[in-house]
Amino acid sequence: MHTISKIYSAPRKNSKTFLHTYAKMDERNANWGLYPFERYKITKERTVPFQSEKTLVREFYGALDASSVDEIPDVIARFCSSDYDWHGFHPFHGIRGPEQVAEQFWKPLRRSLTRIQRRLDIFMAGENTLEAGGVWVCSMGHLMGLFDKPWLGICPTGKMAFLRYCAFHRVEGNKITQTAMYFDIPHLMMQAGQNPFPPQTAVHLVQPGPLTHDGLLYGEQSAETGQKTLNTINAMITDLGQWDSELSLEDELALTWKDDMVWWGPAGIGATYTIERYAKQHSGPFRAAFAERSKTSHICRMAEGNYGGFFGWPNFSAIHTGGFMGMPASQERGEFRVIDIYRREGDKLAENWVFIDLLHFWNQLGVDILNRETRA
């Protein structure tokens, strides 16, 4: 039997306190804080199955997806805390409280994307290994429906459409208290025939789930397996996070990535396959387009089984020196809000699903891509 215990401890925040109450603030948003990570070890004591937290989130999804539009506020209030803290991509950003989350995000989406099906590819839970702590449940997949009415100014098609998403939910006292839900709005725009970006360096598709078809971790998982995944993710962050290795980019990637890796990037950048093509089609061009990258910081980082991931608000910032997504240099610093989900195979990472708030990034640099494209 196993448990996870800290190698060192940090002062614990009150479990009822939300992240943003002790986060670094800026003039634009009440941003969640940036924390160093804690390391964890395995001791032979007991299992930490996270089954109650998983059950709560699955019941929440079932009730939310089965509800009528008018019932959504009551469903969210039943499963989430009264001061529920929700963060999403531009133009939603941070929303506080079940009623406001329902009114500002879910009800407009459900009126537009009707007959929604939640098509899950990954479902996992774990103890957050960062200072903020807590048990978080993560799901990733698509919300599929019929695009029947405009959403965010995007013209409907009357045809099926997919909203690619990933969500991290913090569960405390049998309630969801915080959510980070990131979604690929540009991909929905492309499905509606409104491509907001220049040609991609890679290719964007309706992205599949894991090659191994084993990403739905509804049952208990081995603590040692999850720890191995977490260790691999942490090693990758150390190797790649600061862009300061003396190795070639491909050799640097090979330290923690399988040669036949797949990087499932967001619309506007695209997906790419193998270390060689990833270096040429994304990582190399991305590094060449930015300077003075900040250190990597996350709010939650966790793993279960062969899967793991993290998110930040933001993850890092860098100065745009030109060329990224075909845009000219701005010499402005922009922040990147990102979710990364990984599948480990053996002692290396095999697949990576990436969500980047590109609309927010470009909006910081004075380019309102959503309004420019949808109101033309």
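This section describes the secondary structure, sheet pairing and helix packing of a predicted model.

The protein chain contains nine helices and 17 strands. Of its 376 residues, 57% count as buried. The exposed surface of the protein chain amounts to about 15400 Å², of which carbon and sulfur atoms supply 50%. Among contacts in the protein chain with a separation of 6 or more, 69% involve residues 24 or more positions apart.

Six strands form an open sheet with mixed pairing, in the order E4-E3-E8-E7-E6-E5. The edges are occupied by strand E4 (94-96) and strand E5 (113-127); each has a single partner strand, so one side of each lacks a neighbour in the sheet. On average, neighbouring strands of this sheet are turned by 20 degrees against each other, direction ignored. At the E4 edge, strand E3 (residues 80-88) pairs with E4 in the antiparallel sense over three bridges. Within this pairing, Trp86 stands opposite Ile95 in E4.

Two helices pack on this sheet. Helix H1 (residues 51-66) touches E3, E5, strand E6 (135-147), strand E7 (160-172) and strand E8 (175-183), and its direction makes about 175 degrees with that of E5. Helix H2 (residues 72-79) touches E3 and E8, with its direction at about 105 degrees to that of E3.

The two helices also pack against each other, at an angle of about 170 degrees and with their axes 10 Å apart. Because angles over 145 degrees count as roughly antiparallel, H1 is roughly antiparallel to H2. On the H1 side the contact is made by Leu56, Glu59, Phe60, Ala63 and Leu64, and on the H2 side by Ile72, Val75, Ile76, Arg78 and Phe79. The residues of this contact comprise eight nonpolar, no polar and two charged.

A further set of pairings is centred here on strand E17 (residues 348-356), which is mostly covered, with eight of its nine residues buried. Strand E9 (residues 257-264) pairs with E17 in the parallel sense over four bridges. Trp264 has Trp353 in E17 as its bridge partner. Strand E16 (residues 338-345) runs antiparallel to E17 and is joined to E17 by eight bridges. Arg344 stands opposite Leu349 in E17. E16 and E17 form a hairpin with two residues between them, and Gly346 in the turn has a positive phi of about 70 degrees.

Note on methods:
Residues are numbered from 1 along each chain as its sequence is written. This is a predicted model: local features need pLDDT of at least 70, side-chain atom pairs count only at pLDDT 80 or more; totals for chains, interfaces and linings use all residues. Side-chain values use heavy atoms; hydrogens and water are left out. Buried means under 20% relative accessible area, exposed over 50%, partly exposed in between (1.4 Å probe, protein chains only). Contact means heavy atoms within 4.5 Å. Accessible areas come from the Shrake-Rupley method with a 1.4 Å probe; for residues, only the protein chains shown count as cover. Two strands pair if DSSP finds at least two bridges between them. Axes are lines fitted to C-alpha atoms, for helices over the stretch in contact, and angles run from 0 to 180 degrees between N-to-C directions. Angles under 35 degrees count as roughly parallel, over 145 as roughly antiparallel, 65 to 115 as roughly perpendicular and the rest as oblique. Ala, Val, Leu, Ile, Met, Phe, Trp, Tyr, Cys and Pro count as nonpolar, Asp, Glu, Lys and Arg as charged, and the others, Gly among them, as polar.
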